[in-house]
Amino acid sequence: MKQPFRFPRISPSTRAFFDAARDAPGSSPLTWLHGYIYGRWIYLYIGLGTGQRWPAKPLKCLAGALSRYGKPAAPREDIPPRHTFADTYHGKVVTLDAARQLVRVDRDVELRDLEHVVPYTLARDIVLRDPDHIVALECPCRAARPNPCLPMDVCLIVGEPFASFVLEHHGGRARPITSDEASEILSAEHARGHVQHAFFKDAMLGRFYAICNCCSCCCGALNAHRNGTPMLAASGYLPQVEADLCIECGACEASCQFGAITASDGPAVIDAAACMGCGVCVDQCPEGALTLARDSGGTVPLELDQLMAAAARAADSP
């Protein structure tokens with residue numbers, strides 16, 4: 001007897017993702033599909049997006065087409081909104097301490113419209129559900145490279161529905177970790193000279209979903225940023241040089257993933273326009289000649305403790 005056709009069973013994590021996507025502001029079925037494709041086949045997606053796998057161009061076109069759907073309406077109906085790739089997928093550079101805050105949250109968080117912190121027109125919310133659910137994922141950017149930096153499992157997926165989705169669909173390349181283990185990964189990567197980025201994506205419910213530990217030799221975002229796609233926002237800090245302490249060893253210049261430091265002819269000089277304020281150079285300096293200071297002309301740092309405190313004060317004010 002011929003068996004009746006049955007639709008494939010939707011996994012619990014996929015159903016949870018679609019349920020969350022349905023309720024996300026400005027979402028549409030096409031953005032849900034884009035998010036599913038991105039999360040389900042992230043290694044292929046990133047490999048194609050970084051040009052490491054063929055055919056890269058068709059997937060970039062498809063991702064761009066999907067990203068144009070489900071966006072908020074324009075202020076004027078006769079002027080459609082214009083969004084760049086960087087508006088749909090971007091990272092905020094964070095210091096080591098700020099990254100640790102993101103993996104040590106002990107309650108749900110909802111912070112919307114953080115354009116003063118994440119200066120893009122889309123995907124700028126921090127909404128954490130079950131933030132203690134953290135998964136260490138093998139970095140898709142490193143996995144796409146023939147000779148990647150090690151270790152591999154340094155991408156941190158934070159909160160639901162993302163953590164369960166990644167763990168269910170990439171179980172061989174992902175593992176659940178505690179917040180303490182996540183903090184240890186961040187510290188170890190920072191010591192290796194790698195930069196912490198909090199990543200946001202329109203198809204990931206328009207919000208923060210991951211912390212990546214990035215190096216310029218492997219990271220697609222760093223390379224895209226360096227090649228003119230402004231998909232990384234500065235931390236809001238700049239390093240300051242104590243010239244009297246600088247011994248001109250060049251450690252800071254060698255460690256800078258953004259090529260923003262020159263130390264070959266006299267004390268270190270910071271190119272403020274190129275510097276993203278990650279703080280790697282500060283801890284790489286053997287003499288303590290560098291410190292981080294707030295950049296008065298930059299964006300507000302993504303420091304979750306302070307953002308939550310400011311939101312609480314605003315809610316309590318009459």
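Which hand does the crossing of α1 and α8 have, left or right? The crossing of these two helices is left-handed. The model behind that answer is a predicted one.

Start with the chain as a whole. It has 318 residues, and 48% of them count as buried. Its secondary structure comes to 13 helices and 13 strands. The accessible surface is about 15800 Å². Carbon and sulfur atoms hold 54% of that surface. Now take the contacts between residues at least 6 apart in sequence. Of these, 70% join residues at least 24 apart.

Return to the helix pair of the opening. Two packed helices are described by the angle between their axes and the distance between the axes. Helix α1 covers residues 12-23, and helix α8 covers residues 162-169. They pack at an angle of about 150°. Their axes lie 8 Å apart. On the α1 side, P12, S13, T14 and F17 make the contact. On the α8 side, the residues are F162, S164, F165, E168 and H169. By class, this contact divides into 4 nonpolar, 4 polar and 1 charged.

Helix α1 has a second partner. It also packs with helix α2, residues 29-40, at an angle of about 145°. Here the axes are 10 Å apart. The crossing of α1 and α2 is right-handed. From α1, the contact uses T14, F17, F18, A21 and R22. From α2, it uses W32, G35 and Y36. The classes are 5 nonpolar, 2 polar and 1 charged. Compare the lists for α1. T14 and F17 appear in the contact with α8, and T14 and F17 appear again in the contact with α2.

Follow F17 to the next stop, A203. This alanine sits in the loop between β7 (195-201) and β8. Leaving out residues up to four places away in sequence, A203 touches F17, T31, H34 and G35. The C-alpha atoms of A203 and Y36 are separated by 8.1 Å. Along the chain, A203 and Y36 are 167 residues apart. Is A203 buried or exposed? A203 counts as buried, because its relative accessibility is 2% and the cut-off for buried is under 20%.

Strand β8, which follows that loop, leads into the interior. The largest nonpolar core has 74 residues. Strand β8, residues 207-214, gives the most to this core, with 6 residues. Which residues touch the most other members? They are I126, L156, F199, F208, L302 and L304. Another core lies apart from this one. That core has 10 residues, among them C246, A263, C285 and A289.

Look at L304 in more detail. Setting aside neighbours within four places in sequence, L304 is in contact with Q101, L102, V105, V109, L111, I126 and L128. Take Q101 from that list. Q101 belongs to helix α6, residues 96-103. Under the same kind of sequence filter, up to four places, Q101 touches E303, L304 and D305. The C-alpha atoms of Q101 and L304 are 6.2 Å apart. In sequence, 203 residues separate Q101 and L304. Q101 has a relative accessible area of 12%, so it is buried.

Now turn to the backbone. Most residues other than glycine have a negative phi, and most peptide bonds are trans. Where are the cis peptide bonds? One joins L150 and P151, with omega about 0°. P151 is found in the loop between α7 (140-143) and β5 (153-158). Another joins E160 and P161, with omega about 10°. P161 lies in the loop between β5 and α8.

Positive phi values turn up too. A123 is not a glycine, yet its phi is about 50°. A123 is found in the loop between β2 (109-111) and β3 (126-128). With a relative accessible area of 7%, A123 is buried. E248 also has a positive phi, near 60°. E248 lies in the loop between β10 (237-241) and α11 (251-255). Its relative accessibility is 43%, so E248 counts as partly exposed.

How values were computed. Residues numbered from 1 in each chain as written. Predicted model: local features only at pLDDT ≥ 70, side-chain atom pairs only at ≥ 80, totals over all residues. Heavy atoms only, no water. Axes fitted to C-alpha atoms, helices over the stretch in contact; angles between N-to-C directions. Helix = DSSP H or I, 4+ residues; strand = E, 2+ residues; numbered from the N terminus. Left-handed = near helix turned anticlockwise from the far one by under 90°. Contact = heavy atoms within 4.5 Å. Nonpolar A, V, L, I, M, F, W, Y, C, P; charged D, E, K, R; others polar. Core = buried A, V, L, I, M, F, W, Y, C linked by side-chain atoms within 4.5 Å. Buried < 20%, exposed > 50% of the residue type's maximum accessible area, 1.4 Å probe, protein only. Areas by Shrake-Rupley, 256 points an atom, 1.4 Å probe, with all protein chains shown as cover.
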